[in-house]
Amino acid sequence: MREWLLILCLGAAVASSTGADEVCWVLFSDKGEAADADGLARTSLSARCLARRAKVRGEAARLIDEEDLQVSERYVEAVAERGALIRHRSRWFNAVSVEADRPVLDRLAALPFVWGIRPIPRYVRSFPEPLRAGCGVPDYGAAEAQLAQIRVPYLHALGYTGSGVLVCLLDTGFYKDHESLRDLHLVAERDFVFGDGDTQRDPANPQDYSDAHGTAVWSALAGYRPGALVGPAHGASFLLAKTEDLRYELPIEEDNWVAAIEWADSAGADVVSSSLCYTIFDNGMGYTYGDLDGNTAMTTIAADRAAELGIAVVVAAGNYRGTSWGTIGTPADGDSVIAVGAVDASGAIGSFSSPGPTADGRIKPEVCAR
């Protein structure tokens, strides 16, 4: 993994700064001193997580590898002591994301165990007014048609409703009080944008106006109000992760996404569903079509890693058909990712739904639904 990270670091340019803090990944050269590395990793992974990996890799296979080891706490403390604010730790990338000004970043780069710093540019977008919480739901007739199109009623008739499956949703926030959602089995939640344990919009925080899209996705998947809306997987259990910040569209959200999918893995998720994708950001930075090779974007590499560990990773292909971008986004380009496109009532591809292929010629998306 270090080889591709080195390429990214060499090719990345730190955004210009006016003295304000920048957000960066600080990449470590090793995991430091881990006397009982395997045991330490096991304490951070749930029994369900290990059982899922054994199912995919085989009982005799090695279930834990170096990428599962925690980031060295001594390294993290050294970074914090030099004035950086720690955002997230990433076991898979052996890194921490930080907020720091240029002098602090220069001091971090001089540390003997830091081999690279990759910028995560950001800025705040202004909104005329907060977005309204919640979202509308279709009546039962509309839900029946979209489910029948992908043969869900047949599965329901056989008793398949998602029972026993743990699904993690990575999105904006989630309106958990909605009547079609409040009785679902919520196992855990985490807000990776504001750093707390509640993914529902906080009316007291004027910057937090982001639970409409996540609510729509969750309700389409699992909403349960007979007569109004019944989702295909209403019997599943759920992890909710808020990773998307509607104040901007910038690479800092990739940091949140990576942290969240690692959290989902450690909690034992069977499925990760994310209706988010990343292409060109608000500051003009981002990816090119050539980057859609399955090995460039941080989110794509993390998604493929999760799939390798036995998680079914399902992501949106994107809504870029007919735009200047015109194709899928990341992490839909992952070779182990299930990218999903959109169709209309007749089964025709949606006018907005992103087409493939990837830069290296793989067919995308893999499946489509209403």
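## Salt bridges, a cavity and the loops around them

Asp265 is buried, and Arg52 is buried as well. In this predicted model, the side chains of these two residues, Asp265 and Arg52, meet in a salt bridge with a distance of 2.6 Å from N to O. Because Asp265 belongs to helix α9 and Arg52 to helix α3 (residues 47–57), the pair ties together parts of the chain that are 213 residues apart in sequence. As a general point, side chains of opposite charge can pair when their charged atoms come close. The structure holds 22 salt bridges, and a few of those that involve helix α9 are followed here.

Another residue of the helix, Glu262, forms a salt bridge through its side chain with Arg91, at 4.0 Å from N to O. This pair also links distant parts of the chain, since Glu262 sits in helix α9 and Arg91 in the loop between β2 and β3, 171 residues apart. Both Glu262 and Arg91 are buried. Salt bridges that share partners join Arg52, Arg53, Arg57, Asp65, Glu67, Asp68, Arg91, Glu262, Asp265, Arg305 and Glu308 into one network, in which the reader will recognise Asp265 and Arg52 as well as Glu262 and Arg91.

A further salt bridge is made by Arg87 and Asp255, whose closest N and O atoms are 3.1 Å apart. Here Arg87 lies in strand β2 and Asp255 in helix α9, so that distant parts of the chain, 168 residues apart, are linked. Asp255 has a relative accessible area of 3% and therefore counts as buried, the cut-off being under 20%.

Asp255 leads on to the cavity, because it is one of the residues that line it. The structure holds 1 cavity of 30 Å³ or more, and the volume of the largest cavity is about 40 Å³. Its lining is made up of Trp25, His88, Arg89, Ser90, Ala95, Val96, Ser97, Asp255, Val258 and Ala259. At least two lining residues come from each of β2 (85–90), β3 (95–100) and α9 (252–266). By residue class, the lining divides into 5 nonpolar, 3 polar and 2 charged residues.

The loop between β2 and β3, which holds Arg91, also holds Asn94. Although Asn94 is not a glycine, its phi is positive, at about 50 degrees. With a relative accessible area of 10%, Asn94 is buried. A positive phi is also found at Arg151, again a residue other than glycine, with a value near 65 degrees; Arg151 is placed in the loop between α6 (140–149) and α7.

On the surface, Leu155, Leu158 and Tyr160 form a nonpolar patch, and together they have about 360 Å² of accessible area. Leu158 is located in the loop between α7 (152–157) and β5 (166–171). Leu158 counts as exposed because its relative accessibility is 64%, where the cut-off is over 50%.

The last stop is the loop between β12 (338–342) and β13 (367–369), where Pro357 is found. A cis peptide bond joins Gly356 to Pro357, with omega at about 0 degrees. Pro365 lies in the loop between β12 and β13 too, and a cis peptide bond joins Lys364 and Pro365, with omega at about -5 degrees.

Conventions
Residues numbered from 1 in each chain as written. Predicted model: local features only at pLDDT ≥ 70, side-chain atom pairs only at ≥ 80, totals over all residues. Heavy atoms only, no water. 1 Å grid on protein atoms, 1.4 Å probe; cavity = no way out; pocket = protein on both sides within 12 Å on 5 of 7 lines; lining within 4 Å. Points joined across faces, edges and corners; volume = space filled by probe spheres on them. Helix = DSSP H or I, 4+ residues; strand = E, 2+ residues; numbered from the N terminus. Nonpolar A, V, L, I, M, F, W, Y, C, P; charged D, E, K, R; others polar. Patch = residues over 30% accessible without salt bridge, like charges linked within 9 Å, V, L, I, M, F, W, Y side chains within 5 Å. Areas by Shrake-Rupley, 256 points an atom, 1.4 Å probe, with all protein chains shown as cover. Buried < 20%, exposed > 50% of the residue type's maximum accessible area, 1.4 Å probe, protein only.
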